[in-house]
Amino acid sequence: MPKSLGEIAEWVKGELQGDPSIQIKGIAGIEDAKVGDLTFVAHPKYAGFLKTTSASAVIIGAET
């Protein structure tokens with residue numbers, strides 16, 4: 001069941017930067033993510049992938 005970014009941000013108590021109405025349909029690794037997917041960066045060494053991912057949204061840790 002798709003969820004909006006606004007719903008997800010509220011659920012994880014995160015700060016949303018962007019369009020809260022974007023629909024997320026799946027979760028994938030940052031290198032494999034496609035439009036409609038949510039991914040994450042948990043370590044700064046993966047931050048370079050932010051430039052090339054096709055994910056619709058990325059969860060980024062406060063330390064990243």
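**Core, pockets and a buried aspartate**

Setting aside residues up to four places away in sequence, isoleucine 8 touches Lys3, Ile24 and Leu38. Two of these partners, Ile24 and Leu38, turn up again with Ile8 in the largest nonpolar core, which also takes in Leu5 and Ala57 and so comes to five residues by the definition used here. This fits a familiar pattern: in soluble globular proteins, nonpolar side chains tend to be buried together.

All of this comes from a predicted model, so a word on confidence is in order. The chain averages a pLDDT of 92, with 97% of its residues at 70 or more. Strand β2 (residues 23-24) comes out highest, at 98, while β5 sits at the bottom with a mean of 93. As a general caution, where pLDDT is low, the predicted coordinates should not be read in detail.

Next comes the empty space. Rolling a probe the size of a water molecule over the atoms shows where such space is left. Here the largest pocket has a volume of about 420 Å³. Its lining runs to 17 residues, with Glu15, Leu16, Gln17, Val58 and Ile59 lying nearest the centre. Helix and strand both chip in, as α1 (5-12) and β5 (57-60) each supply at least two lining residues. Sorted by class, the lining holds eleven nonpolar, four polar and two charged residues.

The second largest pocket has a volume of about 210 Å³. Around it are Met1, Lys3, Glu7, Ile8, Trp11, Ile24, Lys25, Gly26, Ile27, Leu38 and Ile59. Ile8, Ile24 and Leu38 are thus part of this lining and also members of the largest nonpolar core. Both α1 and β3 (26-27) give at least two residues to the lining, but α1 gives the most, with three. The class split for this second pocket is seven nonpolar, one polar and three charged residues.

Finally, there is aspartate 37, placed in strand β4 (residues 37-41). Why does aspartate 37 count as buried? Its relative accessible area is 6%, and buried means under 20%. Leaving out neighbours within four places in sequence, aspartate 37 is in contact with Ile24, Gly26, Ile27, Ala28, Ala55, Ser56 and Ala57. Some of these names are already familiar: Ile24 and Ala57 belong to the largest nonpolar core, and Ile24, Gly26 and Ile27 help line the second largest pocket.

Methods. Residues numbered from 1 in each chain as written. Predicted model: local features only at pLDDT ≥ 70, side-chain atom pairs only at ≥ 80, totals over all residues. Heavy atoms only, no water. Helix = DSSP H or I, 4+ residues; strand = E, 2+ residues; numbered from the N terminus. Buried < 20%, exposed > 50% of the residue type's maximum accessible area, 1.4 Å probe, protein only. Contact = heavy atoms within 4.5 Å. 1 Å grid on protein atoms, 1.4 Å probe; cavity = no way out; pocket = protein on both sides within 12 Å on 5 of 7 lines; lining within 4 Å. Points joined across faces, edges and corners; volume = space filled by probe spheres on them. Nonpolar A, V, L, I, M, F, W, Y, C, P; charged D, E, K, R; others polar. Core = buried A, V, L, I, M, F, W, Y, C linked by side-chain atoms within 4.5 Å. pLDDT = per-residue confidence, 0-100.
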